[in-house]
Amino acid sequence: MITENEDSRGRRADAGGVAEESIITAIRKTVTAAGCAAVLLATAAACGTVKNLTAGQKVDHAVDQLGEKKSLAFQLDLDATPDAITSLANASGDADEAMPPEFGKFVSGLRVDVAVKSRKPLEDSGEKDLIGTSLKISGADGVLAEYRVVGDFTYYRSDMKAIGKAMGVPMPTADQIPDSEKEFKKILEGDWVKVDTRELAKAQKSHKRGAKGSAGDVDAKTQRKILKAVRGVIARDVTFHTKSGGDGTEHVVAKANFRELIRGVFDKLRPLEGDLPPGTELPTDKELKDAPNKKVAVDFTLKNGDLTQVKIDLGVLADAPKSVKLPLVLKFSDAGDVNAPAGATEIPVDKVPGGSPLAGGLFGGDEL
């Protein structure tokens with residue numbers, strides 16, 4: 001992308017995309033196991049054959065109410081100290097992949113906020129019904145990256161200096177970027193940029209058509225098959241119980257053995273592998289044997305029947321000391337206004353910098 005002083009400036013500028021992708025990868029690695037458990041256990045709430053029908057129905061009803069809203073926000077963060085995160089990340093004892101304390105501090109301050117506003121209930125909303133959506137990744141010192149989709153445009157900004165500092169990757173300054181790369185210069189300066197959402201979607205669609213083996217969407221019929229397969233496993237392996245929290249608050253706790261749960265699910269999904277998009281690969285039974293053989297619990301908090309929080313302790317799934325607690329918390333609320341930021345610089349789709357998160361769309365994906 002950048003040709004001037006390729007050895008230093010080009011490499012350093014490209015590091016912007018690499019650093020931000022590394023952050024996203026770190027987040028994904030931190031929450032993958034918990035995410036699998038939370039999604040699977042939450043799905044059990046919609047099953048009419050769970051062992052404790054009343055507890056499951058309570059969560060099921062609360063989730064339905066989320067779909068009936070026209071405005072919804074959720075916040076994802078780790079309610080843990082930097083020491084706990086560092087201890088958990090380094091539990092394998094592999095010195096080559098050890099996380100430095102500074103990065104543990106950085107991760108402990110991370111928070112992801114998503115907001116959606118629609119003209120219709122969210123469960124009935126299509127793309128044209130959405131008034132605004134946003135995704136914001138924040139650190140201890142402020143916003144690291146933010147997307148918004150409002151009207152005809154997708155907006156983006158990031159604090160590349162803060163990201164580079166956290167990742168230990170040198171970032172170029174705006175005056176090191178040639179005028180021919182002025183679009184990238186705006187991103188480095190932390191200014192808002194925007195791109196035509198429809199044109200971006202067209203470019204991404206064209207790119208995916210040209211990419212062999214790229215995965216597409218799962219059709220409705222296959223989704224029903226998957227849900228039916230997963231329901232059978234969850235009905236057998238997951239238990240629910242409730243506990244009162246006072247002041248209209250109630251907790252519904254879903255528990256299961258993590259390894260048995262995911263092995264059972266993938267055993268049921270393998271006969272459906274031919275119906276999945278090209279490029280989709282399910283883990284083998286041999287690979288799943290390395291999954292934690294531990295009980296995992298997901299705590300659903302209900303306030304007067306509304307789902308307000310979902311929590312799972314990541315420490316349970318790691319080979320870390322029992323004293324290490326790493327709660328992953330997902331909180332729900334109404335979304336505030338999602339407005340188009342003023343003064344955003346428009347970038348033509350063909351000028352979107354390679355490696356920029358804009359190239360992968362709002363929530364990631366294939367680059368242009």
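User: Two strands pair if DSSP finds at least two bridges between them. With that settled, and given that this is a predicted model, which residue takes a positive phi in the hairpin of strand 4 and strand 5?
Analyst: Start with the pairing: strand 4 (residues 142–150) and strand 5 (residues 153–158) run antiparallel and are joined by 6 bridges. Two of the matched pairs are Glu146 with Arg157 and Val149 with Thr154. The hairpin has 2 residues between the strands, and the one with a positive phi, near 65°, is Gly151.

User: How many residues of strand 5 are buried?
Analyst: Strand 5 has partners to think about besides strand 4: strand 6 (residues 193–196) pairs with strand 5 in the antiparallel sense over 4 bridges. Within that pairing, Phe153 sits opposite Asp196. Strand 5 is mostly covered, and the count of buried residues, out of 6, is 5.

User: Thr197 looks tucked in next to that hairpin. Which backbone oxygen does the side chain of Thr197 reach?
Analyst: Thr197 belongs to helix 7 (residues 197–210). Its relative accessibility is 17%, so Thr197 counts as buried. Leaving out residues up to four places away in sequence, Thr197 touches Val149, Asp152, Phe153 and Thr154. At 3.5 Å, the backbone oxygen reached by the Thr197 side chain is that of Phe153.

User: Zooming out, which are the edge strands of the sheet?
Analyst: The protein has 10 helices and 12 strands. The 12 strands form an open sheet with mixed pairing, in the order 7-8-9-10-11-1-2-3-4-5-6-12. Each edge strand pairs on one side only, and these are strand 7 (239–246) and strand 12.

User: In the middle of that order, how many bridges join strand 2 to strand 3?
Analyst: On one side, strand 2 (residues 111–118) runs antiparallel to strand 1 (residues 71–78), with 7 bridges; there, Gln75 stands opposite Asp113. On the other side, strand 3 (residues 130–139) also runs antiparallel to strand 2, and Ser118 is matched with Leu130. The number of bridges between strand 2 and strand 3 is 8.

User: Which elements are among those that cover the buried residues of helix 3?
Analyst: Helix 3 spans residues 82–89, and its buried residues are Ala84, Ile85, Thr86 and Leu88. Ile85 also shows up among the best-connected members of the largest nonpolar core. What covers those buried helix 3 residues includes strand 1 and helix 4 (101–108).

User: Staying with that core, which helix gives the largest share of its residues?
Analyst: In general, nonpolar side chains in soluble globular proteins tend to be buried together. Here the largest nonpolar core has 70 residues, and Leu78, Ile85, Val238, Val252, Phe300, Leu307 and Leu326 touch the most other members. The largest share, 5 residues, comes from helix 9 (residues 258–269).

User: And how many residues are in the other core that lies apart from it?
Analyst: Members of this other core include Ala73, Ala115, Tyr155 and Ala344. It lies apart from the largest core, and its residue count is 9.

User: Is Asn304 buried or exposed?
Analyst: Asn304 is in the loop between strand 9 (295–303) and strand 10 (306–313). Its phi is near 50°, a positive value in a residue other than glycine. Most residues other than glycine have a negative phi. The cut-off for exposed is over 50%, and with 62% relative accessibility Asn304 is therefore exposed.

User: How far apart in space are Pro348 and Val195, C-alpha to C-alpha?
Analyst: Pro348 lies in the segment after strand 12 (345–346), and its 42% relative accessibility makes Pro348 partly exposed. Along the sequence, Pro348 and Val195 are 153 residues apart. In space, the C-alpha separation is 6.3 Å.

User: Before I build anything on this, where is confidence lowest among the elements?
Analyst: The protein averages a pLDDT of 74, and 73% of the residues score at least 70. Residues 211–215 stay under 50, with 8 contacts beyond four places in sequence, and residues 361–368 are also below 50, with 24 contacts beyond near neighbours in sequence. Confidence is highest in strand 2, at 92, and lowest, at a mean of 43, in helix 1 (residues 6–43).

User: Last one: what share of the exposed area do carbon and sulfur atoms supply?
Analyst: Of the 368 residues, 43% count as buried. The protein exposes about 19,800 Å², and the carbon and sulfur share of that is 49%.

Definitions and conventions: Residues are numbered from 1 along each chain as its sequence is written. This is a predicted model: local features need pLDDT of at least 70, side-chain atom pairs count only at pLDDT 80 or more; totals for chains, interfaces and linings use all residues. Side-chain values use heavy atoms; hydrogens and water are left out. Buried means under 20% relative accessible area, exposed over 50%, partly exposed in between (1.4 Å probe, protein chains only). A polar contact is a pair of N or O atoms within 3.5 Å; within protein, one must be able to donate a hydrogen and the other to accept it, and residues adjacent in sequence count only if both atoms are side-chain atoms. Contact means heavy atoms within 4.5 Å. A nonpolar core is a set of buried Ala, Val, Leu, Ile, Met, Phe, Trp, Tyr and Cys residues joined through side-chain atoms within 4.5 Å. pLDDT is the predictor's confidence in each residue, from 0 to 100. Accessible areas come from the Shrake-Rupley method with a 1.4 Å probe; for residues, only the protein chains shown count as cover.
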